[in-house]
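Student: Could you take me through a close look at the charged side chains and their pairings, and then at whatever else deserves a glance around them?

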Amino acid sequence: MTTTVTDLYPSRGATEVATPRQDPVVWGAPDAPGPIDPAGLQSFERDGFLTVDQLIAPDEVEVYRRELERLTTDPAIRADERSIVEPQSKEIRSVFEVHRISEVFANLVRDERVVGRARQILGSDVYVHQSRINVKPGFGASGFYWHSDFETWHAEDGLPRMRTVSVSIALTENYDTNGGLMIMPGSHKTFLGCAGATPKDNYKKSLQMQDAGTPSDEALTKMASDHGIKLFTGKAGSATWFDCNCMHGSGDNITPLPRSNVFIVFNSVENTAVEPFAAPVRRPEFIGARDFTPVK
């Protein structure tokens with residue numbers, strides 16, 4: 001028996017449509033115990049993101065960086081469908097589902113400094129919707145165009161509500177020149193439903209270069225005018241938490257300075273995926289999980 005779920009956030013239609021957010025940003029109580037203080041939760045509510053100057057210590061950074069190096073140089077991992085390569089250089093760009101293929105990263109997911117913040121923001125137990133390591137070597141690694149993750153996760157993975165949060169943990173220093181994360185503060189309060197149908201197996205192209213689910217230049221110009229653009233810098237071990245609907249992107253890295261991070265997406269166990277809202281088929285489970293087991 002198929003349960004019909006109301007689509008609160010239409011997208012991938014004939015025209016681009018802006019919809020006010022229908023969901024809370026912080027689902028947990030403002031005074032709920034956890035690693036984030038009330039002022040931090042207020043900041044997250046307002047801006048859609050929260051930075052932590054040192055989430056993990058330098059010695060821990062080295063452990064995760066060595067594990068990233070091991071995974072990205074393993075021929076078996078490279079041959080796995082979970083590895084995405086750069087279109088030009090053919091170097092590994094991302095490795096997905098790292099919490100399943102690496103006990104080192106599985107331990108990071110279970111770390112209370114990490115999962116505790118997710119539970120606090122989402123107000124429930126959480127599971128991992130997606131995890132990956134991103135490698136942005138110098139001299140030409142390509143960026144990601146402006147997009148809302150929720151637009152894709154809703155349209156192609158079937159996440160019904162905006163009850164999902166991501167964390168990007170830097171494993172190398174993020175300078176203002178090496179292709180760092182950019183977010184439009186406050187953009188998470190408006191959902192931008194993009195125009196254009198979703199091609200079959202769109203993920204094979206979109207993981208290298210965003211296309212379907214990309215906002216128009218006019219919409220991005222207005223959002224940037226309304227919200228501005230924040231570029232994130234920070235030492236290795238720093239982290240940025242951001243709401244699933246933040247408009248964000250990153251530029252190419254043409255410097256000699258590499259930029260690598262581990263990226264974890266937590267979704268509420270009360271917001272489990274249904275069938276895609278605007279795609280012919282689901283994406284593979286290593287991109288959009290269908291195992292909703294809570295992180296413990």
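Tutor: Here is a walk from one charged residue to its partners, and then on to the cysteines and an aromatic residue.

A word on ground rules: this is a predicted model, in which local features need pLDDT of at least 70 and side-chain atom pairs count only at pLDDT 80 or more, while totals for chains, interfaces and linings use all residues. Residues are numbered from 1 along each chain as its sequence is written, and side-chain values use heavy atoms, with hydrogens and water left out.

Let's start with Glu97. Glu97 sits in the loop between strand E4 (92-96) and helix H4 (98-101); helices (H or I, at least four residues) and strands (E, at least two) are DSSP runs, numbered from the N terminus. Its backbone is worth a look, since Glu97 has a positive phi of about 60° although it is not a glycine. Most residues other than glycine have a negative phi. With a relative accessible area of 13%, Glu97 is buried (buried means under 20% relative accessible area, exposed over 50%, partly exposed in between, with a 1.4 Å probe and protein chains only).

What does the side chain of Glu97 meet in a salt bridge? The partner is Arg100, at 3.5 Å, N to O; the term asks for a side-chain nitrogen of Lys or Arg within 4 Å of a carboxyl oxygen of Asp or Glu. Arg100 is partly exposed, at 46% relative accessible area.

Two further pairs go with this one. Glu112 and Arg119 form a salt bridge at 3.3 Å, N to O. Glu112 counts as partly exposed at 46% relative accessibility, and Arg119 is partly exposed too, with 21%. Salt bridges that share partners also join Asp80, Arg82, Glu97, Arg100 and Asp291 into one network, so our starting residue turns up again there. In the other pair, the side chains of Asp47 and Arg46 meet at 2.9 Å, N to O. Here Asp47 is buried, at 15% relative accessible area, whereas Arg46 counts as exposed at 52%. Searching the whole structure finds 23 salt bridges.

The positive phi has a counterpart elsewhere. Arg12, which is not a glycine either, has a positive phi of about 60°. You'll find Arg12 in the segment before strand E1 (17-20), and it is buried, with a relative accessible area of 8%.

Now the cysteines. The disulfide count comes to zero, where a disulfide is a pair of cysteine sulfur atoms within 2.5 Å. Why is Cys244 not bonded to Cys246? Because the sulfur of Cys244 is 8.2 Å from the one in Cys246, its closest cysteine sulfur, and that is too far for a bond. Looking from the other end, the closest cysteine sulfur to Cys246 is in Cys244. Both are buried: Cys244 has a relative accessible area of 1%, and Cys246 has 0%.

Last comes Phe292, in the segment after strand E13 (259-268). Phe292 is partly exposed, with a relative accessible area of 26%. Leaving out residues up to four places away in sequence, Phe292 touches Tyr127, Val269, Thr272 and Ala273, contact meaning heavy atoms within 4.5 Å. As for His154, Phe292 is 138 residues from it in sequence and 16 Å from it in space, C-alpha to C-alpha.
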